[in-house]
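Colleague: Before accepting the labels attached to a model, I should like to hear the reasoning behind them. Please take me through it.

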Amino acid sequence: YDHAEEDDLFKRSSDRIMAGVSAEIWGPISLLGGIQMANKKFDNALPITEFASIAKVDEMFVLAGPRIKIAPNSYFSVQYGMLTDKMSLNTTTAVPMLDAAGAPVVGVDGNPVMDLKPGSDELSIDKTVIIADVTVNF
């Protein structure tokens, strides 16, 4: 487990936890598994565009699969996993300003006068991961 905090600028805090297991099943076959979870929170949102800033990021990575001993100190493993990322955003949307009658307000240049409305949004990405490797310990 790891925790960190920043007092200046974005006032971010982050937490990360990792765990794993290797269990011998039968003879040369073992089962590997692991999980990693991380989150980062920005008390002062991190701007990424003029109209959006990052408020919070969450990530989870789960991985599991068999490991086979192919020779002394040599292993072949195939692991399947899922990576999930979720980003919470503070957004600002420009909308036409309306007068009391509900008609758009027009500026002296003939263009509509825009009003900025705060909001929020979320971006989520899920990825499937397959990893295969050969490990040789010397």
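**Salt bridges and the largest pocket**

Modeller: In this predicted model, Asp115 and Lys117 form a salt bridge, their closest N and O atoms lying 3.4 Å apart.

Colleague: Why is the contact of Asp115 with Lys117 called a salt bridge?

Modeller: The criterion asks for a side-chain nitrogen of Lys or Arg within 4 Å of a carboxyl oxygen of Asp or Glu. The N and O atoms of this pair are 3.4 Å apart, so the contact qualifies.

Colleague: What makes Asp115 and Lys117 partly exposed?

Modeller: Buried means under 20% and exposed over 50%. Asp115 has 27% relative accessibility and Lys117 has 42%, so both are partly exposed.

Colleague: How do you know that Lys56 forms a salt bridge with Asp58?

Modeller: Their closest N and O atoms are 3.9 Å apart, which is within 4 Å, and therefore the pair counts. Lys56 is partly exposed at 35% relative accessibility.

Colleague: How many salt bridges are found in the whole structure?

Modeller: The search finds 4. Among them is Glu6 with Arg12, at 3.0 Å between the closest N and O atoms. Glu6 is partly exposed at 25%, as is Arg12 at 32%.

Colleague: Which residues line the largest pocket?

Modeller: The lining includes Asp2, His3, Arg16, Lys40, Asp58 and Glu59. Strand 1 (2-5), strand 2 (12-26), strand 3 (29-47) and strand 4 (52-71) each give two or more residues to this lining. The pocket holds about 180 Å³ of space, and its lining divides into 2 nonpolar, 3 polar and 6 charged residues.

Key: Residues numbered from 1 in each chain as written. Predicted model: local features only at pLDDT ≥ 70, side-chain atom pairs only at ≥ 80, totals over all residues. Heavy atoms only, no water. 1 Å grid on protein atoms, 1.4 Å probe; cavity = no way out; pocket = protein on both sides within 12 Å on 5 of 7 lines; lining within 4 Å. Points joined across faces, edges and corners; volume = space filled by probe spheres on them. Helix = DSSP H or I, 4+ residues; strand = E, 2+ residues; numbered from the N terminus. Nonpolar A, V, L, I, M, F, W, Y, C, P; charged D, E, K, R; others polar. Buried < 20%, exposed > 50% of the residue type's maximum accessible area, 1.4 Å probe, protein only.
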